[in-house]
Amino acid sequence: MDGLKIRLGLLGLGLAGFAVLSPLQAETASGPPLRMSTPEVATELLASVAAARPGTEILLGVRQQIAPGWHTYWRNPGDSGMATRISWTLPAGARGGELLWPAPRRFAEGSDSVFGYQDEVTLL
């Protein structure tokens, strides 16, 4: 990505797809494309451009494909759970903005109400 090295650290999991984003196929400095999977959630980094240039703004998203029967949490998880957190390690001079959250749905977990996502979601 023209010298831009991004390492994505996902703490928790959570993200509705946006057509302007496409999977980043470029390999990172450490090797494979920016993807991470567990049996419950597969994540992938998406970008609005193929390469970032100094002085430009790009939109990044983390797409989560969530296994049937599972869900991830919104910024306000409700009565239980933990909101998805994304930690970026960016090159000098670069900065990340606030997460943009799609509208969640409400889930009942016993007597608790929680807010989050199922199937697939993308956090920007």
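Select arginine 35 to begin: in this predicted model, arginine 35 is partly exposed, with a relative accessible area of 47%. Display its side chain together with that of glutamate 44. The two form a salt bridge whose closest N and O atoms are 3.1 Å apart.

Keep glutamate 44 selected. Is glutamate 44 buried or exposed? Its relative accessible area is 11%, so glutamate 44 counts as buried, the cut-off being under 20%. Now add arginine 63. Glutamate 44 forms a salt bridge with this residue too, and here the closest N and O atoms are 2.6 Å apart. Because glutamate 44 belongs to strand S4 and arginine 63 to strand S5, the pair ties together parts that lie 19 residues apart in sequence. With all three side chains shown, the shared partners become apparent: Arg35, Glu44 and Arg63 are joined by salt bridges into one network. The structure holds two salt bridges.

**The strands around arginine 63**

Next, colour strand S4 (41-47) and strand S5 (60-66). How do S4 and S5 run relative to each other, parallel or antiparallel? They are antiparallel, and seven bridges join them. Glutamate 44 can be followed here in a second role, since its bridge partner in S5 is arginine 63. The salt-bridge partners glutamate 44 and arginine 63 are therefore also partners in strand pairing, with glutamate 44 placed in S4 and arginine 63 in S5.

Then bring strand S10 (120-123) into view. S5 pairs with S10 as well, in the antiparallel sense and over four bridges. On this side, arginine 63 stands opposite threonine 122 of S10. S5 is mostly covered, with six of its seven residues buried.

**The nonpolar core**

Select Leu45, Ile66, Trp101, Tyr117 and Leu123 and show their side chains. These are the residues with the most contacts inside the largest nonpolar core, which has 13 residues. Which strands each supply at least two residues of this core? They are S4, S5 and S10. In soluble globular proteins, nonpolar side chains tend to be buried together.

**Serine 113 and its surroundings**

Move to serine 113, which lies in strand S9 (residues 112-117). Serine 113 counts as buried because its relative accessibility is 15%, below the 20% limit. Which residue's side chain makes a polar contact of 2.6 Å with that of serine 113? The partner is arginine 106. Expanding the selection to residues that serine 113 touches, leaving aside those up to four places away in sequence, brings in Pro77, Gly78, Asp79, Arg106 and Phe107.

**The loop between S9 and S10**

Follow the chain onward into the loop between S9 and S10, where aspartate 119 is found. Its backbone deserves inspection: aspartate 119 has a positive phi of about 65°, although it is not a glycine. Most residues other than glycine have a negative phi.

**The whole chain**

Finally, clear the selection and view the protein chain as a cartoon. Its secondary structure comprises zero helices and ten strands, giving the order β-β-β-β-β-β-β-β-β-β from the N terminus on. Switching to a surface representation shows an exposed area of about 7,600 Å², of which carbon and sulfur atoms supply 52%. Of the 124 residues in the protein chain, 34% count as buried.

Terms used: Residues numbered from 1 in each chain as written. Predicted model: local features only at pLDDT ≥ 70, side-chain atom pairs only at ≥ 80, totals over all residues. Heavy atoms only, no water. Core = buried A, V, L, I, M, F, W, Y, C linked by side-chain atoms within 4.5 Å. Buried < 20%, exposed > 50% of the residue type's maximum accessible area, 1.4 Å probe, protein only. Pairing = 2+ DSSP bridges. Polar contact = N/O pair within 3.5 Å; in protein donor to acceptor, adjacent residues only side chain to side chain. Contact = heavy atoms within 4.5 Å. Areas by Shrake-Rupley, 256 points an atom, 1.4 Å probe, with all protein chains shown as cover. Salt bridge = Lys/Arg side-chain N within 4 Å of Asp/Glu carboxyl O.
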